[in-house]
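Grab your favourite viewer and work through these exercises with us. Each one sets a task and then walks through a solution step by step.

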Amino acid sequence: MAATDLSLALLGPPVVRRGGAPVTFDTRKATALLAVLAVTGREHSRDQLADLLWPEADSAKGRASLRRTLSVTAAVMGDGLVISRAAIALDPALVRVDVREFNALIGRHDAAELERAAWLCRDGILGRFTMRGCGDLAEWPA
């Protein structure tokens with residue numbers, strides 16, 4: 001899979017694309033999972049992700065929900081989603097993320113690159129994306 005085959009647009013309402021076509025999941029938690037991994041740019045333990053995405057569930061139920069979500073997410077993301085027994089991450093070489101691109105562009109002093117950065121910012125991070133029972137996503141830890 002080429003690096004441009006998978007992309008996450010998170011500066012605005014989230015859009016996941018594979019091969020240029022938008023992808024949808026049967027749960028908003030899959031999109032939220034990808035957003036957390038993309039924005040932080042690091043791996044997270046399964047326990048951290050289960051607690052973050054299912055804060056009101058007990059540990060066993062949260063981990064079971066995470067396993068189901070990973071199953072549907074991995075089917076779309078393929079090698080772009082790195083899953084181990086302990087942790088989950090995105091492979092930055094295989095997944096293009098607009099937040100990463102934006103951060104790289106704003107550090108430059110070229111007008112065309114700054115214009116591209118402004119174009120990427122459609123509606124703030126994750127737009128108006130919400131999930132029941134997860135609180136304000138803007139307050140999630142990085």
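**Exercise 1: a place in the sheet**

In which strand does Ala 9 lie? Find also how its burial is classed and how far its C-alpha atom is from that of Val 97.

*Solution.* Before starting, note that this is a predicted model, where local features need pLDDT of at least 70, side-chain atom pairs count only at pLDDT 80 or more, and totals for chains, interfaces and linings use all residues. Residues are numbered from 1 along each chain as its sequence is written, and side-chain values use heavy atoms, with hydrogens and water left out.

Step 1. Ala 9 belongs to strand 1. Helices (H or I, at least four residues) and strands (E, at least two) are DSSP runs, numbered from the N terminus.

Step 2. With a relative accessibility of 19%, Ala 9 counts as buried. The classes are buried under 20% relative accessible area, exposed over 50% and partly exposed in between, with a 1.4 Å probe and protein chains only.

Step 3. Ala 9 and Val 97 are 88 residues apart along the chain, yet 6.1 Å separates their C-alpha atoms.

**Exercise 2: the open sheet**

Work out the strand order of the four-stranded open sheet and explain which strands stand at its edges.

*Solution.* Step 1. The order is 3-2-1-7, and the pairing is mixed. Strand 3 (21-23) and strand 7 (95-97) are the edge strands; each has a single partner strand, so one side of each lacks a neighbour in the sheet. Two strands pair if DSSP finds at least two bridges between them.

Step 2. On average, neighbouring strands of this sheet are turned by 30 degrees against each other, direction ignored.

Step 3. Strand 1 and strand 2 run antiparallel and are joined by four bridges; one partnership sets Leu 8 against Val 16 in strand 2. Their hairpin has five residues between the strands, and Gly 12 takes a positive phi near 130 degrees there.

Step 4. Strand 2 (residues 15-18) and strand 3 also run antiparallel, with three bridges, and Arg 18 stands opposite Ala 21. Two residues lie between these strands in their hairpin, where Gly 19 in the turn has a positive phi of about 60 degrees.

Step 5. Ser 7 sits in strand 1 and is buried at 12% relative accessibility. Leaving out residues up to four places away in sequence, Ser 7 touches Val 15, Val 16, Arg 17 and Arg 96. Contact means heavy atoms within 4.5 Å.

**Exercise 3: one face of a helix**

Which residues of helix 4 are buried, and how are they arranged around its axis?

*Solution.* Step 1. The buried residues are Asp 98, Val 99, Phe 102 and Leu 105.

Step 2. Viewed down the axis of helix 4, these buried residues fall within an arc of 125 degrees, so they line one face of the helix. The arc is that of the directions from the helix axis to the C-beta atoms.

Step 3. As background, an α-helix has 3.6 residues a turn, so residues three or four places apart point the same way.

**Exercise 4: two salt bridges**

How many salt bridges does a search of the whole structure find? Describe each pair and its exposure.

*Solution.* Step 1. The search finds two, a salt bridge being a side-chain nitrogen of Lys or Arg within 4 Å of a carboxyl oxygen of Asp or Glu.

Step 2. Asp 47 and Arg 63 form one, at 2.6 Å from N to O. This pair links distant parts of the chain, 16 residues apart: Asp 47 is in helix 2 (residues 46-53) and Arg 63 in helix 3 (residues 59-77). Asp 47 is partly exposed at 39%, and Arg 63 is partly exposed at 28%.

Step 3. Glu 101 pairs with Arg 96, the closest N and O atoms being 2.7 Å apart. Glu 101 is partly exposed at 21%, as is Arg 96 at 32%.

**Exercise 5: the whole chain**

How many helices and strands does the protein chain have, and what share of its residues is buried?

*Solution.* Step 1. The count comes to five helices and seven strands.

Step 2. Buried residues make up 41% of the 142 residues.

Key:
Axes are lines fitted to C-alpha atoms, for helices over the stretch in contact, and angles run from 0 to 180 degrees between N-to-C directions.
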